[in-house]
Amino acid sequence: MSNAPRITLPAWIDVGVIPLLNILMALVAAGLVILVIGEDPLQAVQVMIQGAVGYDEGIGYTLYYTTNFIFTGLAVSMAFHAGLFNIGGEGQAYFGGLGIGLVVLALDGFAPGFLIVPLAIAGGALFGAGWAFIPAYLQAYRGSHIVITTIMFNFIAAALMVYLLAGVMREGGNMSPETREFADAAFLPFMHEVFAWFGVTITRTPLNLSLAWALVCCVLVYLFIWRTRWGYELRTVGQSERAAVYAGISPPRIVLMAMCLSGALAGFVGVNELLGVQHRLLLNFSSGYGFTGIAVALMGRNHPIGIVLASLLFGLLYQGGAELAFEMPTITKEMVVALQGLVILFSGALAYMSRPWVERIYLLARGGSVRKGA
Amino acid sequence: MVETAIELRSISKAFGPVQANRNVSLTVTKGSIHGIVGENGAGKSTLMSILYGFYEADSGDILVRGAPVSIRNSNDAIAAGIGMVHQHFMLVDPFTVLENVMLGAESGPLLSESLRAARSELERLEREYGLHVPLDEVVGDLPVGQQQRVEILKALYRGAEILILDEPTGVLTPQETDQLFEILKALKGQGVTIILITHKLREIMAITDQVSIMRGGEMVAHRPTAETNREELAELMVGRKVRLDLDKAPAAPREAVLAVDHLTYTDAKGVPRLKDINFAVHAGEIVGIAGVSGNGQSELLEVLAGILPPGEGTVRLGPVTATADDPGDPEQRRANGIAHVPEDRQRLGLIGKFSAEESAILGYHNDNAYLSGPLIDRAAVRADCEKMMRDFDVRPPDPTLQSSKFSGGNQQKLILAREMEKNPDILLVGQPTRGVDIGAIEFIHRQIVAMRDAGSAVLLVSVELDEVMSLSDRIIVMCGGRIIGEVPAAEADARMLGLMMTGIPREEAKKSAGNAQVPA
């Protein structure tokens, strides 16, 4: 025995208490920063929470951001279960958007919405997967490290999109680097429109039906990873490549499969952003969601339920942060990014920092109660 | 009055809810060789780790030469004159022997001075204890037996008077083991106290003066070695009577179902691992491959199992013929009635993080019996895992428990169950009882023999010579990627096989083994 066996804590501590503790620590650290610049941390927290969940519009925006994080979080976790670190969610989301844009621009002149939307979603998946396929192939058959290649592919995607949007795909006469607006038929309905069909009036926000698609993806990802034989093979490769070979599984094939699925999920960011909100293909619409997806997956322990919860938290931080920067001018946008960074740091990178303390307290509490019982 | 080197009084240590040591007391006489035996998880390693300062005991006292000491880390242990030789050597391969010994004991900022001092001290130690190692050779190039001596020298160089050896013979040939024992006797003669942790009862009987037996975290008995025997020790370790000798009917071999013809294999680094291998295994017999670890047996097993492709030559396994152009794969082997129990149970045989039932379908996960549509049929998987656990007495019989939480023996039983349940025509088994408790070894051996009696061809690879000798009907000895010779089990003895394992042909080995006057 080279090290002492870790204590198994009850699940409610592992997935409940510890993450909450981490967020609390992040908030304390953030509070200190706010204190240093001379603002009231309690008031700042209040503004953030109020801004994110305090009123209809805030909730709508929070859920709209959440939708993006679910897609990118699922994407990262899919690759992670195969033992791969996909840092390229950003580029895959961006390139997936190109697929969506191409499909819609090609079809929206004549095809009906019920045809365009599914084809556009498929196009996003296909392009996202395609952008992940190249690094995956290089990893599987040429041994190029996936972390390096996926990072590089983010830059390539960004450069390629600038070229396309500033040039060939730009609408004639338009000064901004974007395509023409999609036809109405290709729009995903906003939630306020959906609610209106049922006679319920809610505030207009960017929140659209993509949220439902994100939740469907959560269920599908769960079923795929834990219930199908392909998911079984994927997890086997993620745990031990040698065991996978022993079991007759081809690790390179699994690497390709996992990365393509991962890229497809990332590509769905475009469904929310382009079909749902912007209604055109434009520059930088993926604005960092792919990167934040890494933190979301880490925090959500690569499980769909965890990812939904972590996405909610990050949605809340995004929306609350925007509100905060607006309400308290001393707290700039950069400051808000720093606060989000603290949350990522404490709940992602330092996720296990508090565990030894929690273990000790748990053992103490349990030991105490055992004595009392006896 | 005999002097005591070490006295442990009521040592207890718990890891969470697991009580690894409970009120363990032990007295070791100065200048003696003291054996500690026990099954895996009996608490031997924990106890020694406490003595060497890796863990701190929850309660209890440690006395060295009669005086209480507090050992909080390995520096304290070294200061108290305790040295440890780990099962897995803690050596830096590209360093020379001298540099390795000196590592962590350098004095002053300049190396040259320390090196000079170390060299003269080591030369003295080598003379005194007959521990000869070439000081300027690179450690990575030395044979394992010599590497182990470097470890012993390291401990002595740091002034150890009490030496703990953890499973020291696991990687040695019988000859190297003999040499090690000579060294230990010489050390003992110089007044060094030796604590020997092992699971090989034969060695305990051969070299120790005293033996302490642990079971379930407690010390169950102390015996002077002269007053006990293997059967008694095994019974004390397991807590019930154990049959050490396997009783099996003579084999009734039929047609050859596995034939290897001029097989070679060269690894990715260009090192030839298998050279012109030829042999056959018949239905209804067990053929054992003996050899020191790393002489090609692992590669042979993996080529047969379809994990590695043959270089040249052909391998015929039942209906499958594998060549360099058409190597096949493990899935193809399984589909054709060839089962494989891999050598590396933890990394190949199962997935530690998977539940037992998930590990129980590893490799067979595409079987229609386990599928319903695109999904895995969980109920069928569970039912089958429960059956395996019943048939092979896997404890605890809980299919949802994480695979890594089972003991080594129970993991192995689960893997054997998975591979044997399919009634394979050919069973490839690697290290079936490595790290497995005595009680489970008995069971596993009986299952393998039962498989043979049911008509399967069994190829066994094991570094435990005892195991190869008791299970096999024929023994093939490998050395340096070649087959050195073949011996019918009835004519095999450990000395002769040991010599063959170093590359000496059978006839010669037989002659010199006959001359030597050392009991097997």
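How many residues of chain A are in contact with chain B, and how many residues of chain B are in contact with chain A? In this predicted model, 17 residues of chain A are in contact with 25 residues of chain B. The points below take up the side of chain A that touches chain B, and then a sheet in chain B with the helices that lie on the sheet.

**The side of chain A that touches chain B**
- Helix H9 (229–239) and helix H10 (241–246) of chain A each contribute at least two residues to the side of chain A that touches chain B.
- By residue class, the side of chain A that touches chain B comprises nine nonpolar, five polar and three charged residues.

**The sheet of chain B**
- Six strands of chain B form an open sheet with mixed pairing, in the order E16-E19-E20-E13-E21-E22.
- Strand E16 (338–341) and strand E22 (482–488) of chain B are at the edges and have a single partner strand each, so one side of each is left without a neighbour in the sheet.
- Direction ignored, neighbouring strands of this sheet are turned by 15 degrees against each other on average.
- Strand E13 (residues 286–290) and strand E20 (residues 457–461) of chain B run parallel and are joined by four bridges, and B:Gly288 has B:Leu460 in E20(B) as its bridge partner.

**Helices on the sheet**
- Helix H9 (residues 297–305) of chain B packs on the sheet, where it touches E13, E16, strand E19 (426–430), E20 and strand E21 (474–479) of chain B, and its direction makes about 150 degrees with that of E19(B).
- Helix H14 (residues 408–420) of chain B lies across E16 and E19 of chain B and runs at about 175 degrees to E16(B).

Terms used: Residues are numbered from 1 along each chain as its sequence is written. Chains are lettered from A and ligands numbered from 1 in the order in which they are written. This is a predicted model: local features need pLDDT of at least 70, side-chain atom pairs count only at pLDDT 80 or more; totals for chains, interfaces and linings use all residues. Two residues are in contact if their C-beta atoms, placed from the backbone, lie within 7 Å. Ala, Val, Leu, Ile, Met, Phe, Trp, Tyr, Cys and Pro count as nonpolar, Asp, Glu, Lys and Arg as charged, and the others, Gly among them, as polar. Two strands pair if DSSP finds at least two bridges between them. Axes are lines fitted to C-alpha atoms, for helices over the stretch in contact, and angles run from 0 to 180 degrees between N-to-C directions.
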